[in-house]
Every structure is written in structure tokens, then in C-alpha cells.
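New to this one? Here's a quick tour of how its charged side chains pair up.

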Amino acid sequence: MITNINDLKSLTEEDLYNLINSDGNNELKDWLAKVGSDRIDEVFDPSILIERSINIYRNMGYSEEWIKNKINEILKNS
């Protein structure tokens with residue numbers, strides 16, 4: 001059973017496949033479907049990805065100036 005992030009980091013691709021395909025993991029399957037849907041939306045509208053990235057950086061405690069510079073750097077190099 002997955003109890004913390006370290007458990008997730010140690011899973012192999014096969015472990016994940018087996019976990020997803022086992023009976024009774026509806027919460028995990030729903031979460032994976034949501035994440036997959038969100039990432040597909042980001043492919044078609046990159047502004048969604050940029051907003052998600054900004055929110056992640058804010059939650060990590062980075063300053064607005066740092067975030068602005070980081071996003072500009074990413075856009076410049078893409």
C-alpha cells in the first residue's frame with residue numbers, strides 16, 4: 001500500500017501498471033484520469049500550463065519577481 005511520497009518514488013513502471021489495474025483503486029484511477037485530462041488541456045492551451053507553473057512556484061515560496069524571471073527564461077529557451 002502507498003503511504004507516502006517515498007513509496008511512490010520507488011515504484012517501477014510495472015508496479016504502477018499493476019497498482020492501476022488492480023480492483024478497488026477507483027480513487028487512483030479517477031486521479032490519473034483527471035491528471036491526464038489536465039495535461040491534454042495544457043497541450044492545446046499552454047497558458048494553462050504557465051498558470052499551473054506559476055501557482056506551483058508561489059506555493060513553493062518563490063517571489064513574484066523570481067517567478068516572472070523563471071517563466072520568461074523558460075519561454076525564451078523554448
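Helices here are DSSP runs of at least four residues, numbered from the N terminus. With that in hand, aspartate 38 and lysine 34 both sit in helix 3, which covers residues 26-44. Keep in mind that this is a predicted model. A salt bridge here needs a Lys or Arg side-chain nitrogen within 4 Å of a carboxyl oxygen of Asp or Glu, and by this rule there are four salt bridges.

**A pair in helix 3**
- Aspartate 38 and lysine 34 join their side chains in a salt bridge, at 2.8 Å from N to O.
- These partners are four residues apart, or about one turn of the helix.
- Aspartate 38 is partly exposed, at 24% relative accessible area, and lysine 34 is partly exposed too, at 49%.

**Arginine 39 and its network**
- Arginine 39 and glutamate 42 also meet through their side chains in a salt bridge, this time at 3.5 Å from N to O.
- They're three residues apart in helix 3, so about one helical turn separates them.
- Glutamate 42 counts as buried, because its relative accessibility is 8% and the cut-off for buried is under 20%.
- Arginine 39, on the other hand, is partly exposed, with a relative accessible area of 32%.
- Arg39 and Glu42 are also tied to Arg52 in a network of salt bridges.

**Glutamate 64 with arginine 58**
- Glutamate 64 and arginine 58 make a salt bridge, and their closest N and O atoms are 2.8 Å apart.
- Glutamate 64 is partly exposed at 46% relative accessibility, and arginine 58 is partly exposed at 40%.

Technical notes
Residues numbered from 1 in each chain as written. Predicted model: local features only at pLDDT ≥ 70, side-chain atom pairs only at ≥ 80, totals over all residues. Heavy atoms only, no water. Helix = DSSP H or I, 4+ residues; strand = E, 2+ residues; numbered from the N terminus. Buried < 20%, exposed > 50% of the residue type's maximum accessible area, 1.4 Å probe, protein only.
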